[in-house]
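Let's take a relaxed look at two chains and the place where they touch. Have the picture open while you read.

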Amino acid sequence: MSECEYCGSVKRKVFENNSFVAFLKERPAVAGHILLVPKQHFTILEQVPEDVCGEMFHVANILSSILFEALGAEGTNILINNGSDSGQKVPHVAVNIIPRKEGDNLHLEWKPKQQDKEEMGVVELKLKEACKNIIVGKKEEKPKEIKEKKEEIKNSKWVEKILTRLP
Amino acid sequence: MSDQPTPEQIKAFQEKLAKLSPEERKAFFRQQCVFCQIVDGKIDSMKVFEDGLCIGVLDINPANPGHVLLLPKEHFQVGPQVPESTMRHMGMVAKAISNACLKVLKCGGTTIFVANGMPAGQRAQHFMVHIIPRKEKDGHFEISENGAVDDGLADNLRVFIEKKLGIKVESTAKKEEKNEAGVEEPEDAPRPVKEKGYIYFVDEDGDVSRCRMVKGRVKEKQKKEKVLKVGIKRQPNTLYFVDNGLNIRMTRMNRSGRKKAGKEKRDVEKKSGVGIDDIARLFTK
């Protein structure tokens with residue numbers, strides 16, 4: 001496996017704690033574009049353990065709040081591109097934190113798509129079914145915990161499989 | 001959105017707000033905010049997820065099918081107002097929903113997006129996390145790379161963050177100086193290039209080897225020569241080859257044709273986790 005761009009030492013570091021590093025992006029969208037990456041190597045968000053993921057959002061939120069004050073930003077975007085179809089270029093989970101100003105010529109909006117009610121209904125049902133079992137945090141009942149663990153093991157197995165299959 | 005309030009109206013509104021007590025203000029915002037009403041169930045929505053702290057609904061103007069808005073139940077306008085516990089919780093839920101999108105909607109990636117403030121593209125007065133299933137080249141969220149690079153900014157920002165959070169972050173600039181003064185770190189050895197007259201392949205150890213070809217064929221007793229040590233683990237049913245940049249690539253070989261319906265069904269059942277093929281597709285590019 002080739003060496004990961006974000007796993008080694010990074011330049012222009014702005015923040016660090018036990019599990020995360022934040023630095024200014026080499027090719028930023030605007031000045032002050034921060035990338036927050038977990039120190040441990042995860043390729044996509046699905047591999048990131050729950051607590052680390054929560055912490056990541058928390059840290060991103062703090063950094064984004066600081067940007068308002070530090071750079072006089074009028075708004076901030078927090079953006080995670082997850083998977084190559086979404087434009088993820090480096091195989092390491094990273095949170096983009098982008099300071100925004102009026103008229104900065106960044107277009108991070110989307111063109112809304114018109115969707116039939118039927119189609120929406122199908123998607124809704126599918127997602128509802130898939131989200132039914134989401135239980136987050138520590139307040140879990142014991143039997144469910146075991147179930148989740150089993151799933152995690154399954155997941156980690158296929159993740160390993162895929163990773164070892166890669167050059 | 002067409003009729004903007006006049007400055008007088010805004011002033012009058014702000015004065016009115018200032019008179020309200022915090023509780024009243026909270027109630028007022030709650031009444032005004034469309035998304036709070038969605039949370040309260042006063043407006044119909046396509047709810048896909050709900051727990052004690054947050055709720056996930058489908059966006060009525062989705063970027064892609066399956067565009068989920070994750071809303072905290074309490075009213076917050078922007079991210080900095082959201083307390084730590086809620087933010088952590090939402091992070092975990094966002095990941096789980098993104099996971100569900102990958103599993104169910106056959107997309108090759110997701111984007112998790114938060115906008116704080118009007119210039120960032122926030123349109124509603126309620127903090128939310130967008131989870132958007134992505135398809136290749138759908139044209140959303142192309143982050144430009146044209147911004148100015150400023151090394152001084154990093155130092156300033158680092159100092160600011162250190163002060164603000166009361167932590168110490170080791171400067172990377174100092175390390176670089178040391179390197180310049182002392183021993184220079186060896187640069188990465190240049191990667192060998194493919195030469196003519198050789199065939200390159202992946203050997204048993206998972207490394208790249210090459211073998212001389214004579215008249216377009218490999219003679220039987222030719223010596224194999226290792227070029228690159230990679231050490232990948234070879235998997236069965238997979239074809240490995242070496243591309244022009246001397247990277248190892250692979251494709252899966254499929255012995256059973258797709259026509260066999262029974263076989264395919266069984267394969268689908270096996271996939272209990274996230275769509276493995278979806279994820280694999282993310283990596284193999």
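## Two helices and a shared contact

Start with helix α4 of chain B, residues 84-105: at 1.5 Å a residue its 22 residues should span 32 Å, and its end C-alpha atoms are 31 Å apart, so the two values agree. Keep in mind that this is a predicted model. Most of α4(B) is covered, with 20 of its 22 residues buried. Just past this helix, K106(B) takes a positive phi of about 55 degrees.

Now for another helix of chain B. α1(B) is hardly covered, and the count of buried residues among its 13 residues is zero. Here are the two helices side by side:

| Helix | Residues | End-to-end C-alpha distance | Expected span |
|---|---|---|---|
| α1(B) | 7-19 | 19 Å | 18 Å |
| α4(B) | 84-105 | 31 Å | 32 Å |

What about chain A? Three helices and five strands make up its secondary structure, and along the sequence they follow the pattern β-β-β-α-β-β-α-α. Of the 167 residues in chain A, 41% are buried.

How many residues does each chain bring to the contact? Chain B brings 92 residues and chain A brings 80 residues. On the side of chain B that touches chain A, α4(B) gives the most, with 18 residues. That side of chain B divides into 48 nonpolar, 26 polar and 18 charged residues.

The chains also share strand pairing: β4(A), residues 75-82, runs antiparallel to β4(B), and seven bridges join them. Within β4(B), A115(B) stands opposite N77(A).

Note on methods
Residues are numbered from 1 along each chain as its sequence is written. Chains are lettered from A and ligands numbered from 1 in the order in which they are written. This is a predicted model: local features need pLDDT of at least 70, side-chain atom pairs count only at pLDDT 80 or more; totals for chains, interfaces and linings use all residues. Helices (H or I, at least four residues) and strands (E, at least two) are DSSP runs, numbered from the N terminus. The expected span of a helix is 1.5 Å times one less than its number of residues. A residue is buried if 20 or more other C-beta atoms lie within 10 Å of its own, exposed if 12 or fewer, and partly exposed in between; C-beta atoms are placed from the backbone. Two residues are in contact if their C-beta atoms, placed from the backbone, lie within 7 Å. Ala, Val, Leu, Ile, Met, Phe, Trp, Tyr, Cys and Pro count as nonpolar, Asp, Glu, Lys and Arg as charged, and the others, Gly among them, as polar. Two strands pair if DSSP finds at least two bridges between them.
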